[in-house]
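Here's a quick tour of one chain, going from its overall layout down to a couple of residues. Have the sequence and the 3D view open as you read.

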Amino acid sequence: MAAEVSPLKISAAALAELLATPLDAAPKRRHAWAGWKCEACGTDTTPERRAGPAGRNSMCNRCGLKYAKAKKRHRLELKQRDEQRIRAIMSFDALIHQPMSEESTDSIDAWR
Ligand SMILES: [Zn+2]
């Protein structure tokens, strides 16, 4: 609440500028970082710097988001592969501890 600023004190030019600006229009924030370049695309203009393989603030907003997404997916794939390996080891363990019979030999062949 800007009670101390009376709308009557706004100049005609400022008022026209206000009226010409849509209320939902977000101001475009584009920040140029002195002596900085995105390590992926080489831009020096980004609203926000993001973490990349080289560390914090080494990537621009777009590349950093893409990198974070790829990293997350990669981690998920590694986790899934680990779970599959653990499951395979556990089922193999169960197989070799079974008493040998015609049936268990068949199931070993099936497992392979
Ligand atoms: Zn970039």
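Two residues count as in contact here if their C-beta atoms, placed from the backbone, lie within 7 Å. Keep in mind that this is a predicted model.

With that in hand, take arginine 49. Leaving aside neighbours within four places in sequence, arginine 49 is in contact with Trp33, Asn57, Met59 and Cys60. Arginine 49 sits in the loop between β2 (45-46) and β3 (50-52). As for Trp33, that residue is 16 residues away along the chain, and the C-alpha atoms of the pair are separated by 9.0 Å.

Next comes the strand pairing. β3 pairs with strand β4 (residues 55-59) in the antiparallel sense, over two bridges. The two strands make a hairpin, with two residues between them. For arginine 50, the bridge partner in β4 is methionine 59.

Asparagine 57, one of the contacts of arginine 49, lies in strand β4. What is the phi of asparagine 57? The angle is near 60 degrees, a positive value in a residue other than glycine. Most residues other than glycine have a negative phi.

Are arginine 49 and asparagine 57 buried or exposed? Neither label fits: a residue needs 20 or more other C-beta atoms within 10 Å to be buried, and 12 or fewer to be exposed. Both counts fall in between, so both residues are partly exposed.

| Residue | Other C-beta atoms within 10 Å | Class |
|---|---|---|
| Arginine 49 | 18 C-beta atoms | partly exposed |
| Asparagine 57 | 15 C-beta atoms | partly exposed |

Zooming out, the chain has three helices and four strands, and along the sequence they follow the pattern α-β-β-β-β-α-α. Of its 112 residues, 7% count as buried. Among contacts between residues at least 6 apart in sequence, 2% join residues at least 24 apart.

Then there's helix α2 (residues 61-96). How many of its 36 residues are buried? Just two, so α2 is hardly covered. Its length checks out too: at 1.5 Å a residue, the 36 residues should span 52 Å, and the end C-alpha atoms are 53 Å apart, which agrees.

Conventions:
Residues numbered from 1 in each chain as written. Predicted model: local features only at pLDDT ≥ 70, side-chain atom pairs only at ≥ 80, totals over all residues. Expected span 1.5 Å × (residues − 1). Pairing = 2+ DSSP bridges.
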